[in-house]
Amino acid sequence: MRPLARTRHRNACAALALRWRGITSNDFGTLLGSNLRILKSIILQEGTGFAKVWMKSSKSLISYESGRIYFENYRCCYSSLTPQPQLLYELPKQSKAEKIEDSLLCQCPLVSDHVLPQASEQKPSLLALTANNWLYCLSADNGETLHKVYLSSRFKFRSLGWDISQETFYVKSIQHKQTVQARQAGVENNILMHLAIFKVFPLDVVGMLEINKKVFGKSTVDVLLSQGVLAVSHSSKCVKLYSFEYIVEKFRTRELVLGEQCDLYGPRGTVGEAPYGIPVNIQIKECPPVLFEVSYFDNGIQIGGHPWHYIHTPNHKRHRGTHHICSIRDGTLAKNGVQEMDCDSLEADWIFFHPDDSGRIIHAGPSTIKWAQLSLPLLFHTALWMNLLLYSQVTVTSSGRTVKRRFQQLDDDPGQETFKMVKYEDELDLLAIVDVSHTEDEGQANVRLHDNKNGALMKRISLKEPWDVVSIGSINNNHSGIAHFSYRCLILGSVSKK
């Protein structure tokens, strides 16, 4: 019997030589995949290291998204795709009332059902929410204002979020508090908050949704939109899910068009312009059908996997510290569906569905990271086995005297080596894991690159800055570099030969 053919990959030099001679594919996807394989092989080479190439501090929050670094509340934008970060644009200084409070990055759609009105709308843009309720659509390349929409003069909006990524998003208001005058007059305020929902490519308004406690219950404390589902949280630690499509079809009183005149519920005005803004055109009169309901003890719920499952901790003290993986269809507990981390630490362990849509679940603690598959036994796991030696209760001094500890040491004790972060790099198909080992008074951070399929350690990169500088921030893989930053400082490193 003929043996199975093995998948052959040319090495980087051979692939680049053929490309230089014009022997290459014209398909963009094939070319991109080849480029990423070459880059991955270079990054994982034994002689390849990372050198610090740039550093910048800021008095305000630093944000990073798809190769763009934002400083001073998104006023200054740098590109990290060049050997040295370059300033893309700098917006004029604004007053405190006009500063950007939140943003979303819109990438160019790969397929569009119709030609967009302006060529600039085909390029990436930044959706920015300001403190005075203006929603701006800015060019991600030069900061030019493409669109601006005034939301409301009655409600204060605070945050942005994706409903369906790169398709629809929402702007959420702060929770409406009852005034002292209204409370003294006996007037009850049942409106919790408002959501303004928009489509992108091109920018268009779906409507303004009113969240009423009379409809969803007095215990309603928060709401969000995700994947066409309205999730309502209650103070009783219960989450209920509703179909947003059903809500729009049944309770939307009128369709709105940006820039057109409207006289809904009061005086006439222009939709999306000051002072009229976006009127409330989705008022729910009765509670919609509940698609799904679950109670939890702490940390809410997560939904994912194939088929759909959810992770939660049942609302009872005896389940504290455990994570239950159940089927959304009927609530059945999955095989090996109760996961817990056998560790003693001050910080809680964390669990989430793997972002690669493989159906796997990642469960991480201070000394162990486990990968599990739905309905299957544990696939593989990796651990800092050195910790197990350090945890020994008995130590021997240099003079040979045996000393026994009187207290059990914590798994995340400052003197131990611990896991701090797990991130997935989808285009390189690598898992980046941050571990921290303490030397003297500082914490040394290391980025471990693991094979996403079998968990094998491919490379370990030491960061020169102590962990207390970057511990309140995060690590971002940027293909040929690593950007790690805290609240006020960013350090960018790139591939270099040792």
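Which residue stands opposite leucine 126 in E8? In the predicted model examined here, that position is taken by leucine 138, so placed in strand E8 that it faces leucine 126. The two strands concerned, E7 (residues 125-130) and E8 (residues 134-139), run antiparallel and are joined by five bridges. They belong to an open sheet of four strands, arranged in the order E6-E7-E8-E9 with antiparallel pairing. The edges of this sheet are formed by strand E6 (100-106) and strand E9 (145-150), each of which pairs on one side only, and from one strand to the next the twist averages 20°.

A further open sheet is built from four strands in the order E14-E15-E16-E20, and here too the pairing is antiparallel. Its edge strands are E14 (220-226) and E20 (292-295), each paired on one side only, and the twist averages 20° from one strand to the next. Within this sheet, strand E15 (residues 229-234) and strand E16 (residues 238-243) run antiparallel and are connected by six bridges; in this pairing, valine 229 stands opposite serine 243 of E16. Helix H5 (residues 244-251) packs on the sheet, where the helix touches E14, E15 and E16, and the direction of H5 makes an angle of about 55° with that of E16.

Two individual strand residues were also examined. Serine 327 is found in strand E23, which spans residues 322-327. With a relative accessibility of 14%, serine 327 counts as buried, because the value falls under the 20% cut-off. When residues up to four places away in sequence are not counted, serine 327 touches Trp308, His309, Tyr310 and Thr332. In addition, a polar atom of the serine 327 side chain lies 3.2 Å from the backbone nitrogen of arginine 329.

Threonine 418 lies in strand E31, which comprises residues 418-425. The relative accessible area of threonine 418 is 2%, and this residue is therefore classed as buried, the limit being under 20%. Threonine 418 and proline 366 are separated by 52 residues in sequence, whereas in space the distance between them, taken from C-alpha to C-alpha, is 4.8 Å.

Notes
Residues are numbered from 1 along each chain as its sequence is written. This is a predicted model: local features need pLDDT of at least 70, side-chain atom pairs count only at pLDDT 80 or more; totals for chains, interfaces and linings use all residues. Side-chain values use heavy atoms; hydrogens and water are left out. Two strands pair if DSSP finds at least two bridges between them. Axes are lines fitted to C-alpha atoms, for helices over the stretch in contact, and angles run from 0 to 180 degrees between N-to-C directions. Contact means heavy atoms within 4.5 Å. Buried means under 20% relative accessible area, exposed over 50%, partly exposed in between (1.4 Å probe, protein chains only). A polar contact is a pair of N or O atoms within 3.5 Å; within protein, one must be able to donate a hydrogen and the other to accept it, and residues adjacent in sequence count only if both atoms are side-chain atoms.
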